[in-house]
Amino acid sequence: MRPISKLQPPTSKLQSPTSNFQLPTSNFQFPTSKLQFLVLLLPLAFLAVFYFFPLAAILTYSFFPNGTLDVSGVRQVFSDINFAGKRSSAR
Amino acid sequence: MPTIVVAPAFVALFGPRGIINTVVTNLFVPLPPLKLLDTIWIILLAHIFYNYTIVFRIVSGFWSNLDPQLGNAARMLGAHRARVFFEITLPLLRPAILAAALLVFIFDFTSFGVILILGGPRLATLEVEIYRSAANLFDLNLAAALSLLQIFFTLVLIVVYTRLQARLAAPVRLRPQTITRRTLKTWGEKCFVAINLAATLIFLLAPLVILVFESFRTPAGSAQAPQGIGLENYTALNLNPRGSATFIPPTDAIRNSLLFASVTVALAVALGLVAAYATVRARRGGGFLDAVFLLPLATSAVTLGFGYILAFSRAPFDFRAAVWLIPVAHTLVALPLVIRSILPLLREIQTNVREAAALLGANPARVFAEIDLPIVMRAVIVGAVFAFTVSLGEFGATTLIARPEWATMPLAIYRLLGQPGLTNYGQALALSTILMLVSAVAIAAMERARFGAGTEF
C-alpha cells in the first residue's frame, strides 16, 4: 500500500477537453485600459479646457488679479455681511 | 421652459401692464397698478413654476415603481391609509424627495434670468451680482470673489446630491408599473386627483397662455388704432424705427439660436455618449467619473461665462471674439443632462448580448454600433433634445460672452424687455412666444422618444 503522500489525485493525468480549444472570442475585448483611457480623454479633455481651466482662472484672479497677491475683492465680499443690499441700494 | 420665457410670462401676468392689473384697474376700482413685480413672492412663484416638473418627474418616477406589498401588509394588519402613507410610503420616498429638493435648490441657487428680470436691484442674488460686477461695473476683482463663493457652495451641494443619488440607488424593491398601478375606486379618490390635476394645470398653463394672448394684444396707437388683437407685435419684430444701437433683428436671433443649438446637440451627444460609455465600462472609478461629469450641472452659467472672459482673454488663448465659444458653453451646460439620459440604459445592457455578438465574430466597433447604439438610441434622442432646449434657453453664459452680432433669442428678449415702451414690451412677448413654441415642439419630441427610455430626468 502506497503512503498517502504519494497518492496522486485521479484527475492529475486528465487533460481538460478544452485545453487545445480556443474560443472564437479571441478577437473581442472589452475596451482595454489604454482604449478606455483614450476614449475617456475626449470628454475629460473638453471638461479640462472649457470647465476646469475657466474655474482655475477665476480662482487665480480672485487672489492674484494683477499677478500679485491681492485679496481686496474677497475681503470686500466677506467684510460686508449686507453686501448685496448695500451695493444695490447705492446704485 | 427656458427661464427667459418664464420671466416674460410672469411679467405678462403680474406686471404693471399684466392681465391681473388690467382686470383689477379696469373692472374694479381705478387704482394705480398693483406692484407685484420686484417682490420675493413673485420670484418664488416663478421658481416653483419651472421646478415643479423636476420634482414631479423624480418623485413620481420612484413612487410609481414602489412595491405595494409593504403597504398592503400594513393595511391587512389594521393600519389606516394615512398611517401607511406616513410610516411606510413617505420613508421609502424620502431619498427621492431629498434628491429632488436638492436638485431644485441647486437650480434655484444658480438661477439668473428670472431674478434679473423679476427681482429688480433690491432682490439681487449672487448670480445677478456677479453679472453686474462683471458686465456693468467692470469690477472683475469683485466678480471673481463672488464667483469663488458661488463655486464653493455649488461644489458642496453637488457632493451632497451625489451622495443622495447613491442612497437612491440603495436596494429598495422596485416593481414594474404594470404591478404597482392601481385604478381609482372611490369618488373621494377621483375628486382628489381631479382637483389636484386641475389646480396643477391652471398653475402651469395660466402664465404661458397669458403670454401667448398678450403677445397678440396690440398697443393703442391712436383713436383710429385702438387696443386690440392682432399680429402687430410679430410683424414689427424686424423693424427698428428709432435706429436703436442695441437692436437685434429677431430673424438673426432665431437663426443664431438654432445654429448654436444644432452645434450644441452634435457636440453634447458625441461627448455625452463617449463619457457615458466610459463611465459604465470603467473598471474602477466609475462613480468618480460620474461625479466629475455632473459638476457643470452645479456650476452656474454666469460663473462659467465669467470664467471664459478671464480664461480666454489672453494670448495664446484669446478667444473672446470666437463665435464657437457660445455653443461650447452651451454644450458644457447640457453635457451632464445628456450623460444622465444615456447612462441608465447603457447600464442595463447585459454583457451576454455583447458576448453573443462577439462569438458570432463582431469586432468591438460593430458590437457598439449594432448592439449598444440601437438600445440606447431613444436615450440619445432624449439627450439630444435636452441639449437643444438647454441651448435655446441658455442666457447666463451667453449674455457675457456673445458679441452683439451673435445675439440669441434670450438676449433679444432681455434687451426688448429692458427698453421702455409698449412696442418693445409687445415684441418681447412675441419673441418669447416663438421661443416657447420651439421649446414646446422639442419637449414634445423628447416625450415621444422618452417612452421606453428610462432616463434619470
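**Figure 1. Arg340(B) counts as buried, at 5% relative accessibility.** This close-up, like the others here, shows a predicted model. The partner of Arg340(B) is Asp290(B), and the salt bridge between them brings the closest N and O atoms to 2.6 Å. Helix H15 (residues 325-348) of chain B carries Arg340(B) and helix H13 of chain B carries Asp290(B), so this pair ties together parts that are 50 residues apart in sequence. Asp290(B) also counts as buried, because its relative accessibility of 13% is under 20%. Have a look at Arg347(B) as well: salt bridges with shared partners join Asp290(B), Arg340(B) and Arg347(B) into one network.

**Figure 2. Arg217(B) and Glu214(B) form a salt bridge.** Here the closest N and O atoms are 3.1 Å apart. Are these two residues buried or exposed? Both Arg217(B) and Glu214(B) are buried. For context, the structure holds seven salt bridges over all chains. As a reminder of the chemistry, side chains of opposite charge can pair when their charged atoms come close.

**Figure 3. A salt bridge within helix H5 of chain B links Glu87(B) to Arg83(B).** The closest N and O atoms of Glu87(B) and Arg83(B) are 3.2 Å apart. Helix H5 spans residues 81-109 of chain B, and the two partners are four residues apart in this helix, which means that about one helical turn separates them.

**Figure 4. Ser300(B) sits in a loop between two helices of chain B.** The loop in question runs between helix H13 (286-298) and helix H14 (301-311). Ser300(B) has a relative accessible area of 1% and is therefore buried. Which side chain makes a polar contact with the side chain of Ser300(B)? The partner is the side chain of Thr303(B), at 2.8 Å. Once residues up to four places away in sequence are set aside, Ser300(B) touches Thr110(B), Glu127(B) and Gln150(B). Follow helix H13 from this loop and you come back to a residue of the first view, since Asp290(B) lies in that helix.

**Figure 5. Gly71(B), in helix H4 of chain B, is in contact with Val84(B).** Helix H4 covers residues 69-76. With a relative accessible area of 14%, Gly71(B) is buried. The C-alpha atoms of Gly71(B) and Val84(B) are 6.0 Å apart in space, while the two residues are 13 residues apart in sequence. Leaving out neighbours within four places in sequence, the contacts of Gly71(B) are Val84(B) and Ile88(B).

**Figure 6. Chain A meets chain B through 41 residues of chain A and 55 residues of chain B.** Together the two chains bury about 4,100 Å², and 78% of this area is on carbon and sulfur atoms. How many salt bridges are there between chain A and chain B? The count is zero. Polar contacts are found, though: five residue pairs across the interface, both residues at pLDDT 80 or more. On the chain A side, helix H1 (33-63), helix H2 (72-79) and helix H3 (83-90) each supply at least two residues that touch chain B. H1(A) gives the largest share, with 21 residues. By type, the chain A residues that touch chain B comprise 29 nonpolar, nine polar and three charged.

**Figure 7. The two chains, each taken as a whole, give the setting for the close-ups.** Chain A has three helices and zero strands, in the order α-α-α from the N terminus on. Of its 91 residues, 24% count as buried. The accessible surface of chain A is about 6,900 Å², with 65% of it belonging to carbon and sulfur atoms. Chain B has 20 helices and two strands. Among the 457 residues of chain B, 50% are buried. Its accessible surface comes to about 21,900 Å², of which 68% belongs to carbon and sulfur atoms. For the contacts in chain B with a separation of 6 or more, 73% are between residues 24 or more positions apart.

Definitions and conventions: Residues numbered from 1 in each chain as written. Chains lettered and ligands numbered in written order. Predicted model: local features only at pLDDT ≥ 70, side-chain atom pairs only at ≥ 80, totals over all residues. Heavy atoms only, no water. Contact = heavy atoms within 4.5 Å. Buried area = accessible area lost by both parts, 1.4 Å probe. Salt bridge = Lys/Arg side-chain N within 4 Å of Asp/Glu carboxyl O. Polar contact = N/O pair within 3.5 Å; in protein donor to acceptor, adjacent residues only side chain to side chain. Nonpolar A, V, L, I, M, F, W, Y, C, P; charged D, E, K, R; others polar. Buried < 20%, exposed > 50% of the residue type's maximum accessible area, 1.4 Å probe, protein only. Areas by Shrake-Rupley, 256 points an atom, 1.4 Å probe, with all protein chains shown as cover.
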